[in-house]
Structure formats: C-alpha cells, structure tokens
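Please load the model in a viewer and keep the selection tool at hand. The tour below proceeds by selection, with a short account of what is found at each stop.

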Amino acid sequence: MPITTDDFDHLPEKALDLTEGSNAQRVLRFLSEHPDTAFRQNEIIEGTDVKAGSIGPVLSRLEERGLVRHKGKYWTIGDDDRLASYAAMSQTFATAEERFPDEEMDEWLEHAENPYEDEQSGDA
C-alpha cells in the first residue's frame, strides 16, 4: 500500500516492513501465536516458509528492534508492549478473514490506525 511523501518523511528509520506476507510479518505472527515457546531457526523456517537464507537476517533485524529475543539457538517473541497490539491485530485480521472471506483486507487496512503515529508525532 503506498504512503504519502509526508508519511514517508516522518517514518522512523527503524520502521519495519510488517505488511501481510513479508518475512518479518510471517515470523512475528508465528512467534506471537506461540508466546510460551522458543524455537530453533529451522523450526521457524518450517512454521513460516521463510527461506533458510533469509531467516537469520530477519531474526536479527527483529531482535534489534526488541521484537524477538534469543538465547543460544532458540528464538522467541520479545517482551515489547507493541507485540501485544500486534498479536491482537493479527488475530483480529485472521478472524475477519474467516468471517468475511470476500472482503478485501487492503480496504480494511486503509482505515487501520498507523502503528508509527506516536513516533511520527515525536511522542515516542
């Protein structure tokens, strides 16, 4: 979905692509669906279909932003407060897709709240 140049100019440097189907979004969705479990990279690959060559960089970028944590060979969802909102939003969209399969999710997303709004306004 395109954004305005004003939104682009105010987008924080650490903005992460969480659009539907992106590798980061698939990893976060998978880990947020299993908040009490830590996985090895190969298990995350199996659960998300993210390519083996991409999983390391994706997990590293997510860790830099505090969205995932890891110890040794295991990775789990982070403790960041934004993740609770993300998990709730993901579940809402999954439920909406089940209940309204003929609806266009892009149209729903146009009316969704901007997750970077506080960062853009300088409140973060």
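Two strands count as paired if DSSP finds at least two bridges between them. The model is a predicted one, and the tour begins with its hairpin.

**First selection: strands E1 and E2**

Select residues 68-71 for strand E1 and 74-77 for strand E2. These strands pair in the antiparallel sense, over four bridges. Two residues lie between the strands of this hairpin, and glycine 72 adopts a positive phi near 60°. Next, display arginine 69, which stands opposite threonine 76 of E2.

**Second selection: arginine 69 and aspartate 79**

Keep arginine 69 displayed and add aspartate 79. These two residues form a salt bridge, in which the closest N and O atoms are 3.8 Å apart. The pair links distant parts of the chain, with arginine 69 in strand E1 and aspartate 79, ten residues away, in the loop between strand E2 and helix H5 (81-99). Are the two partners buried or exposed? Arginine 69 has a relative accessibility of 40% and counts as partly exposed, while aspartate 79 is exposed, at 61% relative accessible area.

**Third selection: arginine 65**

Move to arginine 65, in the loop between helix H4 (52-64) and E1. With which residue does arginine 65 form a salt bridge? The partner is glutamate 64, and the closest N and O atoms are 3.8 Å apart. The count of salt bridges comes to two. Glutamate 64 is exposed, with a relative accessible area of 60%. Arginine 65 counts as buried because its relative accessibility is 18% and the cut-off for buried is under 20%. Now add the backbone of arginine 61: its oxygen lies 2.9 Å from a polar atom of the arginine 65 side chain.

**Fourth selection: helix H2**

Select residues 23-32, which make up helix H2. How many of the ten residues of this helix are buried? Seven are, and H2 is thus described as mostly covered. The buried positions are Ala24, Gln25, Val27, Leu28, Phe30, Leu31 and Ser32. When viewing the helix along its axis, it is useful to recall that an α-helix has 3.6 residues a turn, so residues three or four places apart point the same way.

**Fifth selection: phenylalanine 30 and phenylalanine 39**

From H2, retain phenylalanine 30 and add phenylalanine 39. The structure holds one aromatic pair. It is formed by these two phenylalanines and is tilted, at 4.7 Å centre to centre with 50° between the planes. Phenylalanine 30 is buried, with a relative accessible area of 11%, and phenylalanine 39 also counts as buried, at 11% relative accessibility.

**Final selection: the nonpolar core**

In soluble globular proteins, nonpolar side chains tend to be buried together. The largest nonpolar core here has 16 residues, and Val27, Leu31, Ile44 and Leu62 have the most contacts inside it. H2, H4 and E2 each supply at least two residues of this core. H2 gives the most, with five residues.

To finish, centre the view on leucine 31. Which residues does leucine 31 contact, leaving aside its neighbours within four places in sequence? They are Phe39, Ile44, Val68, Trp75, Thr76 and Ile77.

Definitions and conventions: Residues are numbered from 1 along each chain as its sequence is written. This is a predicted model: local features need pLDDT of at least 70, side-chain atom pairs count only at pLDDT 80 or more; totals for chains, interfaces and linings use all residues. Side-chain values use heavy atoms; hydrogens and water are left out. A salt bridge is a side-chain nitrogen of Lys or Arg within 4 Å of a carboxyl oxygen of Asp or Glu. Buried means under 20% relative accessible area, exposed over 50%, partly exposed in between (1.4 Å probe, protein chains only). Rings of Phe, Tyr and Trp (its six-membered ring) pair if their centres lie within 6.5 Å; planes under 30 degrees apart count as stacked, over 60 as edge-to-face and the rest as tilted. A polar contact is a pair of N or O atoms within 3.5 Å; within protein, one must be able to donate a hydrogen and the other to accept it, and residues adjacent in sequence count only if both atoms are side-chain atoms. A nonpolar core is a set of buried Ala, Val, Leu, Ile, Met, Phe, Trp, Tyr and Cys residues joined through side-chain atoms within 4.5 Å. Contact means heavy atoms within 4.5 Å.
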